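Here are some friendly notes to read alongside the structure. Take them one point at a time, and find each residue in the viewer as you go.

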Amino acid sequence: MPILAEVSRRVGASDAGERVRCNVDMLMSIVGGLAGIWLLQCQSGLPAGREMAGLVVAGALAAGLAWRLRRAGRHAGWIWALTAGILLGFSWAAWRADLRLGDALAPDLEGRDLILVGVIADLPQDTERGQRFSWAVDNPPLGVPSRVMIAWYEREEDGAEPSIPLFRAGERWRLRVRLKRPHGVRNPGGFDFEAWLLEGGVRATGYIRPAGVLERLDSFVVTPGTVVARLREVLRARLRRDLADSAYPGIALALTVGEQRAIDSDLWRLFNRTGIQHLMAISGLHVGMVGVLVGGLVGYGWRRVAGLALRCPAQHAAAVAGMAAALAYGALAGMGVPTQRTVLMLAVVSLAIVSGRRASATRMLALALAVVLVADPWAVLAPGFWLSFGAVAILLLAAAGRLVPDGWWRGFWRSQWAVTLGLLPALLALFQQFSLVSPLANAVAIPLVSLVVTPLLLVGMLIPFPPLFALSDQLLIGLVAFLEWLAAWPWAVWQQPEAPGWLVVLALGGVTWGLLPRGLPGRIVGWLALLPLLAWAPPRPPPGAWRMTVLDVGQGLAVHVQTASHDLLYDAGPAWGGEADSGVRVVLPYLRATGVSRLDRMVISHDDVDHSGGAASVAADRSIGSWITSLPAGHPIIGLAGRHESCAAGQRWEWDGVAFEVLHPRGERPSGAGAQDNARSCVLQIASPVGRALLLGDLEAAQEADLVMRLGSGVLASDVVVAPHHGSRSSSSPALVAATAPSEVVYSAGYRNRFHHPHPQVVARWEEAGAQGWRTDRDGAVRIDAGPMGLKVTAFREAERRYWHGR
């Protein structure tokens, strides 16, 4: 018997060791897969077929070696498991990317009228001027992708009231459309629209031609996706009617059918400032909460029915019910990519419970991560991926090693602070800002929105009962008032410039160490690792040098000029209608990423919306020392300016050894309303011993001639010129080109813009004068550094190129 006991003990120990090694190898392979997929998404191009085959073979060999070492009881197997995960994850993501990029719009079909037939695959979104929807093309012809995003714009003709057809989910239409390949503006700190389209499987965008084919072929095409989309459409219409008198109907629509566009921009700014923006969409948190709530209620009731409890364990019934509720709610939200991630995570947990397999929370998290990465290798491009998985991992880390569990109140606050501090490096890396009041705001908002308001809205939507909507509205009124009080605190938000990757990695390692259980040595050192990230400031030009960035704002202009200690913004880009403008979407994210918290001066060249459209948004978010504009008296933007001067030739100032001078307009105002705005464009010259630049707004040829006659090449000679009027044929006259004679010329123009800027004749004229041309539609933001070593020009699209850009 003692011999049998000893054998049993050793076999048990061997099995336990085997299980530990298996868990470690599995975890390392999944971590390796994550690293490999992320590495692929950082590439500027995809590997060739032979390279990909070699990676797969190498990954398989590494996986086989890891298995052999584990079977032999060797502890070095995890290294090969990690290597296999990296190689196979990279290969998997590359193969998926190659397939998706193959479904592309042929370049020769861009801008051409095409007659196509397709089904509206999702809930159409209302816009200020029409509708936008995802369109699944039936039997797409050669060179046309299978899924495109289509917009319909209302147009007034002959003074008649425009008629907008009501597009509905599931309808099949024959349409005359004009498509273009995925393209978005590219700027430091900006949103990558092309990556977002790629992740969603949308491979072209376009619009319906106003005159031509517009025919509804089927009123409803039945598929699982269209059935859900039509249900969402019906519920949205009913909610809009029932919530007409609510204080915040947009929040209710966002929390029930995923209509985030219904929330106005002022509320979004409030939510961002208080750090609860993740609650105002059907996020993973809401889906998880609904699943847990429904599962808990089903489990509670199931235990009290003896017959049910004997046939099926209550825990299994609760898991299945919670999963079904989460899936239904996710479908109601449109099953966007973040929602899909949460549903997959819950599916892994539910399967583990139903199968009866005992798995640690860490293992279930790792399995959920693996499922998400296999299903969607582009998930790593979304901030929500890192924040959702990171938050769960931090909670598990903070709870590890505790022999005595905390009480619910202490545990709640411990988890709040752990997630807040643990996600700090990621939030600063992804958004360049962090809400200091978010722990307090989320402590109130998470239980209120997830456990009270959202269930009230869902029940009220399914079972019409007006008092439920009234109660949820009163709760939202109180929540918004509380958030406004928090947001009014002057230190509510910490903003941080975009930091190098090694500082982010150092900070992540530090907070991980700092969150480990008490008793481990050096935990305070981990928290100190945050300090380099928080203290980071990007280098500025030295005295006498300057840096100029022509931002990619589409068809418009916005230029940031920086010296050793001063910042100037020349124009602020276009407004795109409604509450969307380049100030919010381009200029402010860029200023955050580059660490500009205050503008010493803003210059608005003239009163065209493609130059002044973003100014109000910038002024609402940034302190501005003074303004110089060519805007007419009484213009709303002038009312925002504290110190304002009208732009006039002869205005001069100097910052850090760099001279600024206004060269135009002169005092008189030209007659004629048509060209008056362009003719009075504020022309700004930047000069220092290391280089000169000239910003000309939308100046026309007649005013260019006046400049050349008055000032000559001695004053106008420049190293860099931002081409006037986006390279229009009415500007960039031969006299101006000869007088300025730059080595670099920058055209700020939109991709495939309807004006065909820059005009080929203008481009040829500057090239013949010896200037190298840079275009924001092709190159993204263009940065010019003028320093002791001369001029250095950097195109952001090339410097940060990814394999999907331009594809």
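1. A salt bridge is a side-chain nitrogen of Lys or Arg within 4 Å of a carboxyl oxygen of Asp or Glu. Arg666 and Asp706 fit that description, with their closest N and O atoms 2.7 Å apart. Arg666 sits in the loop between strand S19 (658–664) and helix H25 (676–679), while Asp706 belongs to helix H26 (residues 701–716), so this pair ties together parts that are 40 residues apart in sequence. Arg666 is partly exposed, at 33% relative accessible area, whereas Asp706 counts as buried at 15%. Please keep in mind that this is a predicted model.

2. How many salt bridges does a search of the whole structure find? There are 28. One of them joins Arg216 to Glu171, where the closest N and O atoms are 3.1 Å apart. This pair links distant parts of the chain, 45 residues apart: Arg216 is in strand S7 (residues 214–218), and Glu171 is in the loop between strand S4 (147–153) and strand S5 (172–180). Are the two partners buried or exposed? Arg216 is partly exposed, at 41% relative accessibility, but Glu171 is buried, at 4%.

3. Salt bridges can also join up. Asp126, Arg236, Arg240 and Glu259 are linked in a network of them.

4. Now turn to the region around Trp653. Trp653 forms a stacked aromatic pair with Phe660, with 5.5 Å from centre to centre and 5 degrees between the planes. Why does this pair count as stacked? The planes are 5 degrees apart, and planes under 30 degrees apart count as stacked. Trp653 is buried, with a relative accessible area of 13%, and Phe660 is buried too, with 2%. The ring of Trp653 has another partner to look for: the charged end of Arg601 sits over it, 4.3 Å from its centre. Beside Trp653 in the sequence you will find Arg652, which meets Glu661 in a salt bridge (3.0 Å, N to O). Arg652 is exposed, with a relative accessible area of 59%.

5. The structure has 15 aromatic pairs by the rule used here. Trp268 and Phe271 make one that is edge-to-face, with 6.1 Å between centres and 85 degrees between the planes. Being three residues apart in helix H7 (residues 265–274), these two are separated by about one helical turn. Trp268 counts as buried at 19% relative accessibility, just as Phe271 does at 1%. Elsewhere, Phe133, Trp152, Phe167 and Trp173 form one aromatic cluster. For a charge over a ring, look at Arg304, which lies over the face of Tyr300 at 3.8 Å from the ring centre.

6. Next, have a look at the second largest pocket, which holds about 350 Å³ of space. It is lined by 17 residues, and the closest to its centre are Val290, Ala325, Tyr329, Leu458 and Leu462. Which elements give two or more residues to this lining? They are helix H5 (224–242), helix H8 (284–303), helix H10 (314–332) and helix H16 (438–462). The lining residues divide into 16 nonpolar, no polar and one charged.

7. Some backbone details deserve a check. Most residues other than glycine have a negative phi, and most peptide bonds are trans. The peptide bond from His664 to Pro665 is cis, with omega near 10 degrees, and Pro665 lies in the loop between S19 and H25. Another cis bond runs from His757 to Pro758, with omega near -10 degrees. Pro758 is in the loop between strand S23 (744–747) and helix H28 (760–768).

8. Where can you find a positive phi in a residue other than glycine? Gln432 has one, near 60 degrees, in the loop between helix H15 (424–431) and strand S8 (433–435). His726 also has a positive phi, of about 60 degrees, and its place is in the loop between strand S22 (720–722) and helix H27 (734–740). Gln432 counts as buried at 4% relative accessibility, and His726 counts as buried at 4% as well.

Terms used: Residues numbered from 1 in each chain as written. Predicted model: local features only at pLDDT ≥ 70, side-chain atom pairs only at ≥ 80, totals over all residues. Heavy atoms only, no water. Helix = DSSP H or I, 4+ residues; strand = E, 2+ residues; numbered from the N terminus. Buried < 20%, exposed > 50% of the residue type's maximum accessible area, 1.4 Å probe, protein only. 1 Å grid on protein atoms, 1.4 Å probe; cavity = no way out; pocket = protein on both sides within 12 Å on 5 of 7 lines; lining within 4 Å. Points joined across faces, edges and corners; volume = space filled by probe spheres on them. Nonpolar A, V, L, I, M, F, W, Y, C, P; charged D, E, K, R; others polar. Phe/Tyr/Trp six-rings, centres within 6.5 Å; stacked < 30°, edge-to-face > 60°. Lys NZ or Arg CZ within 6 Å of the ring centre and 35° of its normal.
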